[in-house]
Amino acid sequence: MARSFWQLTVREGFSSAHALRNYQGKCENMHGHNYLAELVVEGDTLTEDTELVADFTVLKKILREELQKLDHCVLNETPPFDKINPSSENIARYLWKCIEPRLKEFPVRLYSVSISEKSAQTATYREIKD
Ligand SMILES: Nc1nc2c(c(=O)[nH]1)N=C([C@H](O)[C@H](O)COP(=O)(O)OP(=O)(O)OP(=O)(O)O)CN2
Ligand SMILES: [Zn+2]
């Protein structure tokens, strides 16, 4: 039987400086990006009253609160990126780890977290539960 569900996507920007360690090329120098973070959640039930899977406003608030910790920061000096490289891959995984526990009170599962340095390049992180 087919499974039916909704996917909700919220997006929020943030601006940070970073330098990629151990990278041979211009990205080893400090530079900045106007990043776009994208959160995708899935849910298969609608609330009785508002008929929403989850409120976009609430999802955006969670995303925004986590991004505030990175916004207008030098990522290389901001934990955990003082220890791990501030690549889009690592930023996406970091945000997943921050956001997934915060979604436990909502009837949704986290599907993906993506980070775009610009529209041409995006890293997406997912965890697939067995
Ligand atoms: N897989 C990844 N690759 C790269 C990442 C990353 O996070 N994950 N990051 C970078 C740098 O952040 C770099 O700033 C990106 O470079 P960009 O501005 O895109 O410059 P390019 O020369 O690659 O592209 P242009 O569009 O020609 O300027 C690098 N790679
Ligand atoms: Zn960069």
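This short talk describes the sheet, the helices, the nonpolar core and the ligand shell of one structure.

Good morning. Please keep in mind throughout that the structure shown above is a predicted model.

I shall begin with the sheet. Five strands form it, and it is open, with mixed pairing. Reading across, the order is E3-E1-E2-E4-E5. At the edges stand strand E3, residues 73-74, and E5, each of which pairs on one side only.

Let us now follow the pairings. E1 and E2 run antiparallel and are joined by 13 bridges. As an example from this pair, leucine 8 has valine 41 in E2 as its bridge partner. E2 is also joined to E4, again in the antiparallel sense, by seven bridges. Here leucine 39 stands opposite valine 113 in E4. E4 then pairs with E5 over five bridges, and this pairing is antiparallel too. Valine 113 appears once more, with tyrosine 125 as its bridge partner in E5.

I turn next to the helices. Which strands does H1 lie across? H1 lies across strand E1, residues 6-18, and E2, and it runs at about 20° to E1. H2, in turn, lies across E2, E4 and E5, running at about 145° to E4.

This brings us to the interior. As a general point, nonpolar side chains in soluble globular proteins tend to be buried together. In this model, the largest nonpolar core has 19 residues. Which residues have the most contacts inside this core? They are Ala37, Leu39 and Leu95. Strand E2 (31-43), helix H1 (56-68), helix H2 (88-99) and strand E4 (109-118) each supply at least two residues of the core.

Leucine 39 deserves a second look. Apart from its neighbours within four places in sequence, leucine 39 is in contact with Thr9, Val10, Leu59, Leu63, Ile99 and Val113. The last of these, valine 113, is the residue that leucine 39 stands opposite in E4.

Finally, I come to the ligand. What surrounds ligand 1? Its shell consists of Leu20, Cys27, His31, Ser87, Ser88, Glu89, Glu117, Gln121 and Ala123. H2 and strand E5, residues 121-125, are the elements that give two or more residues to this shell. By character, the shell residues divide into three nonpolar, four polar and two charged.

To close, I would ask you to remember E5: it is an edge strand of the sheet, and E5 also gives two or more residues to the shell around ligand 1. Thank you.

How values were computed. Residues numbered from 1 in each chain as written. Chains lettered and ligands numbered in written order. Predicted model: local features only at pLDDT ≥ 70, side-chain atom pairs only at ≥ 80, totals over all residues. Core = buried A, V, L, I, M, F, W, Y, C linked by C-beta atoms within 7 Å. Buried ≥ 20, exposed ≤ 12 C-beta atoms within 10 Å, placed from the backbone. Helix = DSSP H or I, 4+ residues; strand = E, 2+ residues; numbered from the N terminus. Contact = placed C-beta atoms within 7 Å. Near = placed C-beta within 6 Å. Nonpolar A, V, L, I, M, F, W, Y, C, P; charged D, E, K, R; others polar. Pairing = 2+ DSSP bridges. Axes fitted to C-alpha atoms, helices over the stretch in contact; angles between N-to-C directions.
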